[in-house]
Amino acid sequence: MTGVDPKKMVNFYKENCPSASEATKVSGIGNLIPGMTIDDFLFDPCGYSMNGVSKTVPGGYMTIHVTPEPEFSYVSFETNIHHKNYKDLIKRVVKLFGPKQFVVTFFSSEGKPFIEFEEDQTERSYYDDYYVEDLQVCRLPGYDLTYALFNRFPS
Ligand SMILES: C[S@@+](CC[C@H](N)C(=O)[O-])C[C@H]1O[C@@H](n2cnc3c(N)ncnc32)[C@H](O)[C@@H]1O
């Protein structure tokens with residue numbers, strides 16, 4: 001995610017937030033995926049990283065890194081935890097950070113690419129306030145990789 005909303009970045013500055021666990025809580029990161037043991041870190045003067053391991057899904061993890069400086073703001077999110085509805089998960093992640101642009105890379109070994117966007121390739125698909133700028137589906141041996149680039153509309 002790039003061009004993230006500066007108002008949503010205030011929690012990732014030490015002068016505004018007393019601790020990493022507070023940043024995890026007030027930013028909403030702590031509620032993204034339930035049942036995680038979280039190891040989080042707030043850099044000085046700003047910046048945030050967290051790694052979470054699932055208490056219930058063996059080997060399940062999530063990780064988030066936040067670079068809040070407005071000149072080059074960037075947030076990454078990654079998880080291997082299976083979700084019935086990835087569209088909903090991505091929507092919730094994007095809402096926490098309000099980026100101007102974001103990229104989704106989606107790996108699936110179940111023969112199911114990121115279907116919600118693959119179905120509508122004739123016109124630009126919309127996703128809340130975002131449109132799909134680019135969409136590529138690579139069918140690789142044993143898994144599919146979907147790449148999608150989203151831009152906020154109007155940009
Ligand atoms: C969260 S770290 C992670 C960077 C990594 N490239 C990523 O996105 O996975 C980047 C943020 O932490 C801040 N930061 C402060 N001290 C740092 C340090 N010693 N090493 C790395 N980042 C630091 C940077 O200014 C930036 O806002």
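## A tour from T2 to the ligand

Start at T2, which counts as partly exposed because it has 14 C-beta neighbours inside 10 Å. The scale is this: a residue is buried if 20 or more other C-beta atoms lie within 10 Å of its own, exposed if 12 or fewer, and partly exposed in between, with C-beta atoms placed from the backbone. The model is predicted, so local features need pLDDT of at least 70 and side-chain atom pairs count only at pLDDT 80 or more, while totals for chains, interfaces and linings use all residues. Residue numbers start from 1 along each chain as its sequence is written.

**Stop 1: around T2**

T2 sits in the segment before helix 1. Helices (H or I, at least four residues) and strands (E, at least two) are DSSP runs, numbered from the N terminus. Now select Q101: its C-alpha atom is separated from that of T2 by 5.5 Å, although the two positions lie 99 residues apart along the chain by count of sequence distance. Add S73, Y74, P99 and K100, which together with Q101 are in contact with T2 once its neighbours within four places in sequence are left aside. Two residues are in contact if their C-beta atoms, placed from the backbone, lie within 7 Å.

**Stop 2: the whole chain**

Zoom out and colour by secondary structure. The chain has three helices and eight strands, in the order α-β-β-β-β-α-β-α-β-β-β along the sequence. Of its 155 residues, 25% are buried. Among contacts between residues at least 6 apart in sequence, 44% join residues at least 24 apart.

Next, colour by domain. The assignment, which is automatic or from a database, gives domain 1 (1-98) and domain 2 (100-155). Eight residues of domain 1 are in contact with eight residues of domain 2. On the domain 1 side, these residues are four nonpolar, two polar and two charged. Here Ala, Val, Leu, Ile, Met, Phe, Trp, Tyr, Cys and Pro count as nonpolar, Asp, Glu, Lys and Arg as charged, and the others, Gly among them, as polar.

**Stop 3: helix 1 and the loop after strand 1**

Select S21, in helix 1 (residues 20-27). S21 and L42 are 21 residues apart in sequence, and their C-alpha atoms are 8.6 Å apart in space. Then move to P45, in the loop between strand 1 and strand 2. The peptide bond that joins D44 and P45 is cis, with omega about 10°.

**Stop 4: strand 3 and its partners**

Show the side chains of strand 3. Which of them are buried? M62, I64 and V66 point to one face and are buried, whereas Y61, T63, H65 and T67 point to the other and are not.

Strand 3 runs antiparallel to strand 2, with six bridges between them; strands pair if DSSP finds at least two bridges between them. The bridge partner of V53 in strand 3 is Y61. Strand 2 and strand 3 form a hairpin with six residues between them, and G59 in the turn has a positive phi of about 80°. On to strand 4: six bridges join it to strand 3, again antiparallel, and H65 stands opposite S76.

**Stop 5: the ligand**

Which residues surround the ligand? Select F43, C46, G47, Y48, S49, H65, V66, T67, P68, E69, Y74 and S76. A residue is near the ligand if its C-beta atom, placed from the backbone, lies within 6 Å of it. Strand 2 (48-54), strand 3 (61-67) and strand 4 (74-79) each give two or more residues to this shell. The largest share, three residues, comes from strand 3. By class, the shell has six nonpolar residues, five polar and one charged.

**Stop 6: the nonpolar core**

A nonpolar core is a set of buried Ala, Val, Leu, Ile, Met, Phe, Trp, Tyr and Cys residues joined through C-beta atoms within 7 Å. In the largest one, of 27 residues, Y48, I64, V75 and F97 touch the most other members. Helix 2 gives the most to this core, with five residues. Domain 1 and domain 2 both contribute residues, so the core lies between them. For I64, select I29, M50, V75, S76 and F77, which it touches, not counting residues up to four places away in sequence.

**Stop 7: strands 7 and 8**

Finish at strand 7 (residues 130-140), which pairs with strand 8 in the antiparallel sense over ten bridges. Y131 has N151 of strand 8 as its bridge partner. The hairpin of these strands has two residues between them, and G142 takes a positive phi near 90°.
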